[in-house]
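Let's take a walk through this one together, starting with the whole chain and then zooming in on a couple of residues. Have the viewer open and follow along.

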Amino acid sequence: MSSLEVNGEAKLKTPAQLKKEAEKAAKLAKFEAKQQKLQQQKVETAAKPKESKKKEKESKPAVTEYIFSKPLGEKKDIFGELPAAYNPKYVEAAWYEWWEKEGFFRPEYGRDLNQPNPKGKFTIVIPPPNVTGTLHLGHALATSVEDVMARWHRMKGKTVLFNPGCDHAGIATQVVVEKKLQRERGLSRHDLGREKFVEEVWKWKDEKGHVIYDQLRKMGASVDWDRAVFMMDPKITRAVTEAFVRMHEKGIIYRSTRLVNWSCALRSAISDIEVDKKELTGRTLLPVPGYEEKVEFGVLVSFAYPVEDSDEEIVVATTRVETMLGDVAVAVHPEDDRYFHLVGKSCKHPFLDRKLPIITDGFVDPQFGTGAVKITPAHDHNDYEVGVRHKLPFINVISDEGFMLDNCGEFSGLKRFDARKKVLDALKKNSLFRELKEHEMIVPICSRSKDIIEPIVKAQWYVKCEEMGRRAVEAVETGELKLIPEFHKKTWYSWLNNSRDWCISRQLWWGHRIPAYFISVNDPKVPKGDPSDNEYWVSARTEQEGVEKAAKKFNVSKEKISLKWDEDVLDTWFSSGMWPFHIFGWPEETADLKDFFPGHLLETGHDILFFWVARMVFMSQELLGKLPFNEVFLHALVRDAHGRKMSKSLGNVIDPLDVIHGVTLEQLYKQLESGNLDQNELKKAKEGQARDYPNGIPECGTDALRFALMAYTTQGRDINLDVLRIQGYRFFCNKIWQASRFTLTQLGTDFQVQSEFKLSGNESTLDKWILSRLSYCVQQSEDGFAQYTFPQTTTAIFNFWLYEFCDVYLEGVKPVLYSDDKTAIDAVRQILYLCVDTSLRILSPFMPFITEELWQRLPKRSTVTAPSVCLVDFPEPNQYSFRDEKLDERINSAMEIIKRVRSLRSDYELTGKNKCDLYVVFLSPDDLNEVVDLTQLIATLASSTNVTLLIIEEKSKIPTGCATVTVSAKCTVSIGLQGIIDVEKETSKLEAKRQKIEAQLQKLRETMSQADYDQKVPLGVQTNNKERADALELEFGHLSEAIHALKSN
């Protein structure tokens, strides 16, 4: 459906429709760029000295930046002349500081929180970004969605709190500060000690922690900065301590020895989300921290274990041959008759004094390899389960630092991957090596340290998740908690119906230290405890409380108790799981907790649905007995224009500030060079940037970036974002600017705006049509916000402003505005005001800066008291009851005629000065009557002097020398070209042009049809070729039609 085909209500856009919308924006960008180039040429021509003039008047310089005449935080000066063209630097200056100083984003603004707001409340907390980082486009998308919803609800009159904050990012921050210490002072954290190191982290946070907040301000986030929270603030530490103690006392938190993901570089367990899974197709050398040479992965080593008291052997295979030092058994499938006679016997370890029993287990795949599997329970997740089932010993052979332990015989003390080579050599020396072949595998890599993850058995703290998972599933099943889009329910159920207990220990120094104490009892009646035994631990808010609880636990006096505070800190997800309520002061019954918890909406990426969203539900239901929010909107992940994941090594990770301010290709290169890429990755990343951004990234501004991100935000899993197409929305901003500027000029200084818009009865058909389209836009916008179908709203306002208000209405009413009909002029001016005022209010949540700049300059109705567009009432559909679908269809019919004529005029290269008569022929009088009152509109928009409407029987009245084209099954239009063009010459010219296009298209098709095209040609080039072929086909069709139109007469 085109922008003017308005039958029926709008439906959610398909990916193809959204792509088309993006292409419209790209075309608009090209058009505006061309117009700017032409304008520049005019300026340059005008600036050249002419022989007939001695002195040229200097051209007025364009306004590009706002000159501050008031202190920052004061309201921006809006009484000067509106600049001739939109410039984001000018528009985005000064407004945010004013909003913040005035307190517009505080829920207390203009109301008493002790009094109920009949329009309701809306609370949304920001997903706390890591203090170590800077915002990327994924953050920009999240911030845009969150802020758009907060601004919309605020304009709906609700009490709104958008609460900001920042995460302490345990591992990430510790790594950054450790590297800084090593680089600047040659020290490790162990050189400093825990207390001094934590002091260094706080210094770094105080120096760098503002960066994220500065970016949020630049993005226009309407957060209440007075309520900003850092995850290590004292009130958060108090809440985290309280939560741990309560849950430990109830038995929900317990200590256990299990297999964990271990980073030897960090010397800590890490969560699954911090593990990158690198897929290998075969032998690959990977860099590993602490090793000068790269380490070999992607190979499968087969070796033999001799069977005790026998000449037989069992061949097993592994990708981690060094772990054979921790083998405790060999497993075969219970129905594999090849090994029946060996089950119950043992293999002899070739390097250690250890027997390996031959056991049966159903997990073994008899078709894989030899059908026999080495079992290393302490270093493999599958083997761990086998070890538990068969009560096998768990022998750890790798230290926390990645060295082989003392129980590894001749290999003790070696680094784990050095041991890999030595073990392989020893197997060969003992004639036990059988084969080494390439093997597909997934290598787990720590996303923070880039170390290879080792599964290691450790005593850690765990949270029981089964019951909490059941409650979380039930909340979604009953509809109490709504996941948007709904297809994420399947993932929710899959994860939470099979919830494994959650490891919350981290062997770090930066974070919330676990409030647990190991108990030593100085009493011979009490056996000495093991740190892995939960019974010898006590949780407490203070050490004194811990002593009292331990004495009571073991029924001894307090003097016999010694406590040792656990060195570990809590998993970051534990404290962030309490984010929706501990930021408001829980466990205290604060006013904010009462007013703003539970929240209403949680917005985040679907990739952390389990890691964060589920855990917030767990913690809130467990500690407060209620859900933390009612709805969860899960935005899609941002990929690049080619559908690739954002990755520094691909050079496609873009800082949103680079889109806002613009950046050169050389500056993008420097950003890459300041990172940690190796030379090959750096070369590849630079090549990617050169291909995608040969001229850098143009300055687009915050409003264009926000609008583009929201226009792309479908309820799917991924967004393929072409950064350069954001520029198209910057040019859309210029359309908004120019239309508003035109309106302000037409309103003048004597315009009296009505206190409430009412039809005067003097409105023309075109006036009534734009009111109908405005009503449609308001309804679509309301529905889009309410249903989180943001492209529905962005498409509605984009189409209204660009294709209906600017392209049709403004052009169509110019003859009226330039006439002497004061009654008609007044009607048009009231409608101009209504359209601009309403549209700016709809746009405000998406584009807060340009709408504030323009709205402030509009006259205000007497009923409007809001000082800012961000506080004024959002347009309500019931206030816009002007919808007329029949009229929409009639204007659409006229526009189809106009578009056909414009297309022909473009093909014949006619300018606006070439006025042509039009003859529109209809099949019936009824069809003719549908547009009889629209001839002036057709004449104006089609650059025509006269428009003659005919029925088919009157076709003979069309003079010779006309080009005729079909508009629809009911209508044709003829354009009079007599005396304007030479038909024969024009036909020859068009045919030559068509032949050239055909040749280009043929050549492109041949390239695209080559057998290895999909494999050898970069995806970006393929995309460009496809778009180029589509454009050539379209142009070929236009030329063919234009030639046919000439020949028809």
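Start with the overall make-up: the chain has 33 helices and 33 strands. Keep in mind that what you're looking at is a predicted model. Along its principal axes, the C-alpha atoms fill a box of roughly 115 × 70 × 65 Å. Of the 1049 residues in the chain, 53% are buried. If you take the contacts between residues at least 6 apart in sequence, 78% of them join residues at least 24 apart.

Now for the outside. The accessible surface adds up to about 48400 Å², and carbon and sulfur atoms account for 49% of that. As for charge, the chain carries 144 positive and 154 negative charges, and the mean positions of the two sets sit 3 Å apart.

There's a local spot worth finding on the surface: K179, R183, R448 and K450 form a positive patch. Pick out K179, which you'll find in helix α5, spanning residues 170-185. Its relative accessibility is 46%, so K179 counts as partly exposed, the class between 20% and 50%.

Next, go to L424 in helix α11, which runs over residues 416-429. Is L424 buried or exposed? L424 counts as buried because its relative accessibility is 14%, and the cut-off for buried is under 20%. So what does L424 touch, leaving aside its neighbours within four places in sequence? L424 is in contact with V301, F433 and L436. For a sense of scale, jump from L424 to L977: they're 553 residues apart in sequence, and their C-alpha atoms are 88 Å apart in space.

Technical notes:
Residues numbered from 1 in each chain as written. Predicted model: local features only at pLDDT ≥ 70, side-chain atom pairs only at ≥ 80, totals over all residues. Heavy atoms only, no water. Helix = DSSP H or I, 4+ residues; strand = E, 2+ residues; numbered from the N terminus. Buried < 20%, exposed > 50% of the residue type's maximum accessible area, 1.4 Å probe, protein only. Contact = heavy atoms within 4.5 Å. Patch = residues over 30% accessible without salt bridge, like charges linked within 9 Å, V, L, I, M, F, W, Y side chains within 5 Å. Areas by Shrake-Rupley, 256 points an atom, 1.4 Å probe, with all protein chains shown as cover. Salt bridge = Lys/Arg side-chain N within 4 Å of Asp/Glu carboxyl O. Lys, Arg positive; Asp, Glu negative; His and termini not counted. Charge placed at Lys NZ, Arg CZ, Asp CG, Glu CD.
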